[in-house]
Amino acid sequence: MTDKGEQRPDTHSEGEKYGAPRAYDPHFRGPVVNRSCTDVLCCVIFILFIMAYILLGLAAWVNGDPRRVAYPTDSQGYFCGQKGTPNENKSILFYFNLLTCTSPSVVVNLQCPTTQICVSKCPERFLTYMEIQFKYKNDSKYWTYYSQFCRTTFLKPVETLSQVLLDNDCPSAIYPSKPFLQRCFPDFSTKNGTLTVGNKTVFDDGSGKTRNAAELRRAANGINKALDARAIGVKVFEDYATTWYWILIGLTIAMLLSWMFVMLLRFTAGLLFWIFTFGVIGIIAYGIWRCYLEYSRLQEHPGSQLNVYTIGIQTDISMYFRLKQTWFALMVILCLLELFIILMLIFLRDRIRISIALLKEGSKAIGYIPSTLIYPALTFFFLSVCISYWAVVALYLATSGAPIYKVIAPQGRCEHENKTCDPVGFNSTEIAKACPGAQCHFAFYGGKSLYHQYITTFQLLNLFVFLWLINFVIALGQCALAGAFASYYWALKKPDDIPPYPLFTAFGRAIRYHTGSLAFGSLILAIIQMFRLILEYMDKRLQKAQSNISKFLKCCLRCCFWCLEKAVKFLNRNAYVMMAIYGKNFCKSARDAFNLLMRNILKIAVMDRVTDFVLILGKILVAGCIGVLAFLLFTKRLPVIIEGPTSLNYYWVPLLTVIVGSYIIAHGFFSVYAMCIETIFICFCEDLERNDGSTEKPYFITPTLHGILNKKQLVPQKQKK
């Protein structure tokens with residue numbers, strides 16, 4: 001009973017078994033100031049991992065060589081175009097027989113089973129080795145031109161074709177090519193609808209066989225599209241150069257719209273929600289009416305006696321829509337759905353009103369602490385640093401070591417295929433005799449040292465620490481924002497009692513006292529994400545060898561890990577809120593948050609759905625408004641109001657950039673808003689359990705929220721609405 005004899009509201013009837021409410025502390029006035037470091041052991045482990053990560057980056061930097069990615073590598077493992085080497089003036093990779101390559105990915109990865117050498121330019125004409133042997137007698141210039149595509153230098157073409165092919169000294173034929181990605185690829189073109197290479201549809205492959213351009217195209221499938229992509233890339237760059245300032249203006253407007261939307265939610269949250277809700281009810285009602293009309297029409301149709309059992313199983317789905325049973329079933333389902341929604345609105349109307357009021361309160365909180373809207377930029381910076389460091393370390397690890405050569409057979413029928421080999425004198429080895437046509441080509445970079453043996457392990461470590469750091473950065477942002485918004489909620493006189501620089505103070509507390517706890521929570525999430533990535537990798541590697549049972553188990557595991565990740569993210573986020581308020585370690589904060597949420601489970605369900613709807617609607621609204629304006633501008637439909645760019649190759653390039661950029665900006669603003677709502681909701685539930693509205697235990701909620709709850713009147717407070 002309260003001091004006026006009123007019955008105190010039951011605030012935990014929804015989940016009383018999940019622990020008793022926290023004992024009242026008469027001196028509690030917001031986030032605890034006097035704290036101690038939490039989860040110190042995890043903090044030490046986290047710091048050790050970061051130090052190991054830095055050492056790994058240094059080791060990769062010492063042993064790696066990114067030039068191995070920048071420069072193409074010939075069959076001997078030498079770079080094309082590298083200064084200070086014999087290939088300095090030979091920057092393009094040439095393939096002796098591109099017809100042996102099975103796919104473009106094989107070509108780009110330098111695993112095509114044909115000899116590859118560095119050349120200064122690509123062939124510009126059709127020539128075969130046998131042609132050269134005849135033409136050389138009359139004009140030596142032919143051989144001078146052809147010999148630049150040979151691996152070794154000959155004074156004249158005296159060797160037979162079979163000997164040349166056996167020793168891999170020269171290609172059997174060359175054909176017009178163009179450089180792309182520093183590699184020679186066929187110069188495809190279309191003439192009167194027919195695919196050609198150098199204006200020819202058929203050509204001699206040098207071994208006496210006549211080939212057509214389609215065969216060469218299949219051997220390098222997709223390369224022509226890539227060549228076209230280069231021209232498209234140039235045009236896209238021109239469009240960006242023309243419209244970059246318009247894009248910046250559009251993104252700036254998106255930022256202002258996002259800010260205005262968040263600020264105006266205190267006035268429009270309820271309106272948006274009820275418009276959407278009654279819109280859904282109206283759409284479902286229209287569906288019921290439509291189903292009834294179709295049912296009535298088919299009832300009068302001569303073939304109305306047909307049913308599902310009569311027509312059986314049909315592959316044409318439209319057949320079922322000719323049955324009155326189908327429309328009747330749909331009408332019943334829609335009626336039940338309509339009834340369910342109406343009943344939920346009736347029985348949960350108070351909780352919906354609370355959710356809408358909390359949305360409005362969140363808008364006020366951000367208005368009092370505007371610095372929180374800038375914090376996503378800091379998070380983006382930290383994430384960019386983590387992603388860049390991970391990518392650089394992965395690149396250096398991938399290019400560590402000395403050249404490793406593998407046996408490659410053109411037909412893939414050699415028992416020694418993929419074995420390590422030495423290109424020097426390979427043709428005289430037993431492998432060359434056992435597998436005619438096999439070649440010893442450069443495969444990748446590696447070594448036999450301890451470092452090189454654990455390259456794969458280091459890559460996994462690189463990925464794991466990357467995931468840990470990414471989750472830690474996100475957790476740090478959530479904890480800092482939660483501390484700032486908790487300072488707002490627990491201020492008795494808003495905004496007078498809000499401490500100065502609440503975001504900066506909360507960020508400092510999170511770093512100083514709770515690094516270990518944040519690392520603990522992000523570690524759990526990183527482990528789950530690592531398992532998901534390993535599962536996806538195994539699925540890709542074993543895709544062809546999977547049975548129906550293994551596919552079913554794979555889907556189950558995917559679903560379980562996905563659900564587990566979502567649940568852990570939700571629990572972590574609320575644990576960080578409790579941590580920002582009370583300064584406890586991760587496990588205690590997670591336990592308190594879980595118990596509190598379970599005692600208010602219905603409020604959570606309604607709050608999440610209402611918040612999700614409003615935020616999604618806001619993102620779509622911001623991106624849509626900017627997208628419409630950008631479309632009118634880039635398609636020259638606003639010449640009277642404003643003169644846009646006059647010449648664009650593809651107007652959709654800047655248009656999509658503006659739309660996607662606007663959505664990302666809106667997401668950044670609304671992520672702060674979502675964290676604000678979640679923090680205020682946690683504090684709201686805590687407030688109801690701690691206090692009763694008396695003089696000794698006043699509520700910290702605003703009068704608006706208090707009036708919705710129909711609690712006893714607040715002790716008079718000077719609060720600004």
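Which residues of the largest nonpolar core touch the most other members? Keep that question in mind while the whole chain is on screen, and note before selecting anything that this is a predicted model, in which local features need pLDDT of at least 70 and side-chain atom pairs count only at pLDDT 80 or more, while totals for chains, interfaces and linings use all residues. Residues are numbered from 1 along each chain as its sequence is written, and side-chain values use heavy atoms, with hydrogens and water left out.

**The whole chain**

Colour by secondary structure to see 22 helices and twelve strands; these are DSSP runs numbered from the N terminus, helices being H or I of at least four residues and strands E of at least two. The chain has 721 residues, and 45% of them are buried, where buried means under 20% relative accessible area, exposed over 50%, and partly exposed in between, with a 1.4 Å probe and protein chains only. Among contacts between residues at least 6 apart in sequence, 73% join residues at least 24 apart, a contact being heavy atoms within 4.5 Å. If you display the surface, its accessible area is about 38,500 Å², with 64% belonging to carbon and sulfur atoms; the areas come from the Shrake-Rupley method with a 1.4 Å probe, and for residues only the protein chains shown count as cover.

**The largest core**

Select I366 and L518 next, since these are the residues that touch the most other members of the largest nonpolar core, which holds 115 residues. Such a core is a set of buried Ala, Val, Leu, Ile, Met, Phe, Trp, Tyr and Cys residues joined through side-chain atoms within 4.5 Å. Helix α15, residues 455-489, supplies the largest share of this core, with 21 residues. Around I366, leaving aside neighbours within four places in sequence, you can pick out V262, M263, T372, L373, F485, V672, Y673 and C676 as contacts. Apart from this core lies another, of 17 residues, including F96, L127, Y146 and C170.

**Before α1**

Move to T38, in the segment before α1 (40-63). T38 is buried, at 7% relative accessible area, and, not counting residues up to four places away in sequence, T38 touches Y513, H514, G516, S517, G583, K584 and N585. D39 lies in that segment before α1 as well, and phi of D39 is near 50°, a positive value in a residue other than glycine.

**Between α15 and α16**

Finish at Y501, in the loop between α15 and α16 (502-513). Phi of Y501 is likewise positive, near 50°, and Y501 counts as exposed, with 66% relative accessibility.
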